[in-house]
Each structure stands twice: as structure tokens, then as C-alpha cells.
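Here are some notes for a colleague who is opening this entry for the first time. Please read them with the structure in view, taking the points in order.

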Amino acid sequence: MDTIRESVRARYAETATRLSQSGRCCDADCCGGSDAVSGPIGEEAYSQTEVADLGLSLGASLGCGNPTMLAQLHPGEVVLDLGSGAGLDVLLSARRVSPGGHAYGVDMTDEMLALANENKARAAVANATFLKGTIEAIPLPPASVDVVISNCVINLAADKAAVLREAFRVLKPGGRLAVSDMVEIEPLPMEVKSALDAWAGCVAGTIPVEAYRAAVLEAGFADIEVEVTHTFGPGEAGLPAGSGKIASAYIRAAKP
Ligand SMILES: C[S@@+](CC[C@H](N)C(=O)[O-])C[C@H]1O[C@@H](n2cnc3c(N)ncnc32)[C@H](O)[C@@H]1O
């Protein structure tokens, strides 16, 4: 488990350094990689105007959808983004919960946290905070958050049940979970499932839709909805030739 986490951390440290130097991430090493259908998966889910208003570009997204769209954020709410990367979803959320609300991002990679803080300064957003920590042990108190979002990160965790339990713990009763993630659609071969590179590229750590739904339910959530948005086959989204299929998906749920 520690080997997986360390390899994910090293990959995203390198990606953050590349992003801060050139403004773009990707060879075949981010979620989606260079051979995804339209650049990094999910760019099309964002409003270019909203991103440009923050003084940022879509290069700041390493996600596979836009969870801020799913979540219906309201002024005054507290939002937490699991695995906040360069900070785009946190900064967009901070704008939406203003006035009175706050957006937190948690990430384990120092280089990503530094980049997120640079982006926060560029966007001149005051109500956002980036915390160092793991999503398996979130550094926030119980029942302190209205909405947990996450974009293409939970698949990277070896212990997905621990992540979902933590999301449940920090949410207030009635709080919402809005996740964009990669899921497995057709089984991937063993050599792909066991490759650390494929894990860090959001391929090997994917689990089937029904297993995802069961893990969310097991953590205590209700009203679970899973919507598969785009399926990728061999040769796409970092999948080697001759492998199975993965997909981007939206997962919504609520804490009773
Ligand atoms: C694919 S990027 C997605 C970043 C961001 N959510 C986005 O959409 O642009 C994955 C991010 O999650 C972070 N991450 C991965 N596993 C993590 C874990 N177990 N705990 C904390 N952060 C993690 C990485 O450091 C990286 O910044």
C-alpha cells in the first residue's frame, strides 16, 4: 500500500513541477495521458470563461470530469476537495460558496500544494485553504463539511474504503458527496493491474461500477447514483493495446 502511495506521490510531484514550468501536464502519465480523446479527460466539462476568470487555464486540471458542476454549491457552504492537485476545483468552489463559505483542498504532494497556492494567489481567492495530508486520514474534524468533492483521485488510493469512510466522517448530516473518477468497465489484464505506472496513470486502481457503489454504501452513504460518462478502450486514456476498458464516471451520494 505504501509502495503504491509513494509511486503516486512521485508521479504527481513530477507532474506539478512540469505544470509550474510549462502550464501543461501531460505525456502519457497523468489521468488520461496524452492519448486521451481530447487532451486530459474532462477538460470539456469546464466553462473556459469561469476558468479564465480565475486567471488560470485548463492545463491546471488533471481530472476526469468536473465535480463542482455536480455538487450544486451554495453561498455559505464548506467544501472539501480530496486530492486537490493544482487547485482548480477548490478555487472554482471557493467562488461559488462565497460569501460566507470556504473551500479546502487536501493533497499529499508538496509540489502540488505549492502549485495550488501559487494558483490561489494568481486567482486572488481568499476563502480557500490547501491542507497537506492523505485522503485516507483527512486533517479536518468530524461533521465539519457540507460537500466533499473529488476529481480523478479515489481510484489512485489502494484503500478506497478508508477514503470513503473519511469522507463520511467529515461530512455533516445531510452533506453531499460529488465525485468524478475512473472506473473499470471490462477487466484489465494482470500485468496492467500490477504495474505501478498504470496505477499512477488512473488505470490500474480502477474498480468496477458495482464495487464502487458497494463501497460508497458500505461507508454509510445513501441516495447513491453512478453515471458512466465516457468509455475508453485499448490505446486510449493510457490503456495499452490488448487490455480491457475503463470509463470516466460521476458518483453522487448523501450522508443521511
Ligand atoms: C490525477 S491528480 C488530480 C488532481 C485534481 N483533483 C484535478 O482534478 O486536477 C491526483 C492528485 O491526487 C493526489 N493524491 C493521490 N493520492 C492521494 C492520497 N492518498 N492522499 C492525498 N492526495 C493524493 C496527488 O498528489 C495529485 O495531486
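**Notes on the ligand shell and the sheet**

1. By class, the residues that surround the ligand divide into 13 nonpolar, 8 polar and 5 charged. Please keep in mind throughout that this is a predicted model.

2. The shell around the ligand holds 26 residues, of which Gly-63, Gly-83, Gly-85, Thr-109 and Asn-151 come nearest. The elements that contribute two or more residues to this shell are α1 (2–22) and α4, and the largest share, 4 residues, is supplied by α1.

3. The strands are best read as one system: 7 of them form an open sheet with mixed pairing, in the order β3-β2-β1-β4-β5-β7-β6. At the edges lie β3 (128–132) and β6 (222–232), each of which pairs on one side only, and from one strand to the next the twist averages 20°.

4. Towards the β3 edge, strand β2 (residues 102–107) is joined to β3 by 5 bridges in the parallel sense, and within this pairing Tyr-104 has Thr-129 of β3 as its bridge partner. Helix α5 (residues 110–123) packs on the sheet here, touching β2 and β3, with a direction that makes about 170° with that of β3.

5. Which strands does helix α4 touch? Helix α4 (residues 88–97), which also gives residues to the ligand shell, packs on the sheet against β1 (78–82), β2, β3 and β4 (145–151), and its direction makes about 165° with that of β2.

6. How many of the 10 residues of α4 are buried? The helix is mostly covered, with 8 of its 10 residues buried; these are Leu-88, Asp-89, Val-90, Leu-91, Leu-92, Ser-93, Ala-94 and Val-97.

7. Further along the sheet, β4 and strand β5 (residues 171–186) pair in the parallel sense over 6 bridges, and Val-147 stands opposite Arg-176 in β5. Between these two strands the chain passes through helix α6 (residues 160–170), and this β-α-β crossover is right-handed.

8. Does β5 run parallel or antiparallel to strand β7 (residues 245–254)? These two strands run antiparallel and are joined by 10 bridges, with Glu-186 having Lys-245 in β7 as its bridge partner. The parallel pairing of β4 with β5 and the antiparallel pairing of β5 with β7 can thus both be inspected along the sheet, whose pairing is mixed.

Technical notes:
Residues are numbered from 1 along each chain as its sequence is written. This is a predicted model: local features need pLDDT of at least 70, side-chain atom pairs count only at pLDDT 80 or more; totals for chains, interfaces and linings use all residues. Two strands pair if DSSP finds at least two bridges between them. Axes are lines fitted to C-alpha atoms, for helices over the stretch in contact, and angles run from 0 to 180 degrees between N-to-C directions. Two residues are in contact if their C-beta atoms, placed from the backbone, lie within 7 Å. A residue is near a molecule or strand if its C-beta atom, placed from the backbone, lies within 6 Å of it. Ala, Val, Leu, Ile, Met, Phe, Trp, Tyr, Cys and Pro count as nonpolar, Asp, Glu, Lys and Arg as charged, and the others, Gly among them, as polar. A residue is buried if 20 or more other C-beta atoms lie within 10 Å of its own, exposed if 12 or fewer, and partly exposed in between; C-beta atoms are placed from the backbone. A crossover is right-handed if, with the strands pointing away from the viewer, the path from the first strand over the helix to the second runs clockwise.
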